[in-house]
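Please look over the sequence and the model below before reading on. The report then takes up pockets, salt bridges and a few single residues.

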Amino acid sequence: MNDLLIKKTTAFFQEKFGKAPEKIVLSPGRINIIGEHIDYNDGYVLPAAIDKIICFAFAKNNSKTSKIVAIDLNEEFEVDLTQTISLSKVVWTNYILGVIKQLQDKGLSFQGFDCVFSSNIPVGSGLSSSAALECGTIFGIKELFNLSIPKVDIALMGQKAEHWVGINCGIMDQFSSVMGLENKVIKIDCKTLEYEYHNADFNDYSLILFDSNVKHSLFSSAYNTRREECEEGLSIIKSNFPEITSFRDCTESHVLQLKEEMAPNVFDRCHYVVLEIHRVALACQALDNGNIEALGKLLFETHEGLSKEYLVSCEELDFIVDTLKQEDAVIGSRLMGGGFGGCTINLIKKGEEEAIKEKLTKLYKEAFDIDLKIYDVKIGNGTSLYEPVL
């Protein structure tokens, strides 16, 4: 599938600019195995790059202007690199303007370039197409003009670009898009940015995403409220246990002892966070030991916490997980991402995938009159140059 995308992007560039591209860059989307709503609570996350990508074609144009074409949108824009970068009314262009601004703010020297890109990352599915766009653009400019930018800095610049656009995201999306390795998940410490790789051999199981095809508008306000509730709870914990500096220092016992001192909603949020941080460590152990059934059990537990304690699920996502929980071939399922819609991530026994897909699609359509979207994913490499095999 990616081969076709690479050919299409390369051919489009050739036709548009009358020359072959100098650099082809592949920048992936990402999934998060476990560790949801933990990045802003100083915990750990366990993401991975996937085999759904944005393909970019780049070449220098020996001018002070860059021209960028979004093939899939049939839209293009130009940016004068001698002018101050400011936000545009065309949303997608801001992610690219944002990274150009980051490069300029760091004092990195580059000239005009031509770029076209096309993607097979489903937009709006929670697979972080914006991070892939940001990191792929930075990486392409770096390679084209031989700039020295460490990989971690590419991720941080991508995150800053997204903040400039107005989305106050954590580092996970950009970090996993840049740092991903085939068949590896990355355990990221969201406080220090220290990271380690763990094997992601799912053995007899396939990784499949079921996209609910809904996105409820509660997300933005609920996200901010959850952050405030967690901060309130942590403050209560710190005042009772001075040795604790963040949720990562807490045990379930700490939270349970303070149940009467917290509002019920604050207790629920804190209880979920402390257990989820612990589940990330258990998930790493399960992967290292090849115990995929144990990993699946953790996914179900995470969904229960997100649905009943963190309150970021919705009827459609709960229906998908509850339905799959009844199937012997499904060993794990949970909502992935911020919640209130988007995808579930699921571990399904190989050989049983098509039967499960067919059954769930039918039941979901009957229940909500919504068509389920399905994505088979494999864990792939982070942002990289494409080198054609000669």
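The text that follows describes pockets, salt bridges, a surface patch and some backbone details.

This is a predicted model, in which local features need pLDDT of at least 70 and side-chain atom pairs count only at pLDDT 80 or more, while totals for chains, interfaces and linings use all residues. Residues are numbered from 1 along each chain as its sequence is written, and side-chain values use heavy atoms, with hydrogens and water left out.

**Pockets**

A pocket is sought on a 1 Å grid over the protein atoms alone and is an open set of points, reached by a 1.4 Å probe, with protein on both sides within 12 Å along at least five of seven lines; its lining residues have an atom within 4 Å of a point. The largest pocket has a volume of about 1,400 Å³, and of the 47 residues that line this pocket, the closest to its centre are Ser-128, Ser-130, Glu-162, Ile-167 and Asp-173. Volume here is the space filled by probe spheres set on the points, which are joined across faces, edges and corners. Helix H6 (219-240) is among the elements that each supply at least two lining residues, and H6 gives the largest share, five residues. Helices (H or I, at least four residues) and strands (E, at least two) are DSSP runs numbered from the N terminus.

The second largest pocket has a volume of about 660 Å³, and Asp-51, Glu-182, Lys-378, Ile-379 and Gly-380 are the closest to its centre among the 34 residues of its lining. Strand E9 (205-215) is one of the elements that supply at least two residues here, and E9 gives the most, with four residues. In the table, Ala, Val, Leu, Ile, Met, Phe, Trp, Tyr, Cys and Pro count as nonpolar, Asp, Glu, Lys and Arg as charged, and the others, Gly among them, as polar.

| Lining | Nonpolar | Polar | Charged |
|---|---|---|---|
| Largest pocket | 21 residues | 18 residues | eight residues |
| Second largest pocket | 14 residues | nine residues | 11 residues |

**Salt bridges**

With a salt bridge taken as a side-chain nitrogen of Lys or Arg within 4 Å of a carboxyl oxygen of Asp or Glu, the count comes to 20 salt bridges. In one of them the side chains of Asp-173 and Arg-30 meet at 2.7 Å, N to O; because Asp-173 lies in helix H5 and Arg-30 in strand E1, the pair ties together parts that are 143 residues apart in sequence. Asp-173 is buried at 17% relative accessible area, and Arg-30 is buried at 6%, where buried means under 20%, exposed over 50% and partly exposed in between (1.4 Å probe, protein chains only).

Glu-36 and Arg-334 also meet in a salt bridge, at 2.8 Å, N to O; Glu-36 lies in the loop between E1 and strand E2 (44-45) and Arg-334 in strand E10 (residues 330-336), so this pair ties together parts 298 residues apart in sequence. Glu-36 is buried at 5%, and Arg-334 is buried at 0%.

**Single residues**

Gly-382, which counts as buried at 5% relative accessibility, is 352 residues from Arg-30 in sequence and 9.2 Å from Arg-30 in space, C-alpha to C-alpha. Asn-183 has a positive phi of about 60 degrees although it is not a glycine, and Asn-183 is partly exposed, with a relative accessible area of 44%.
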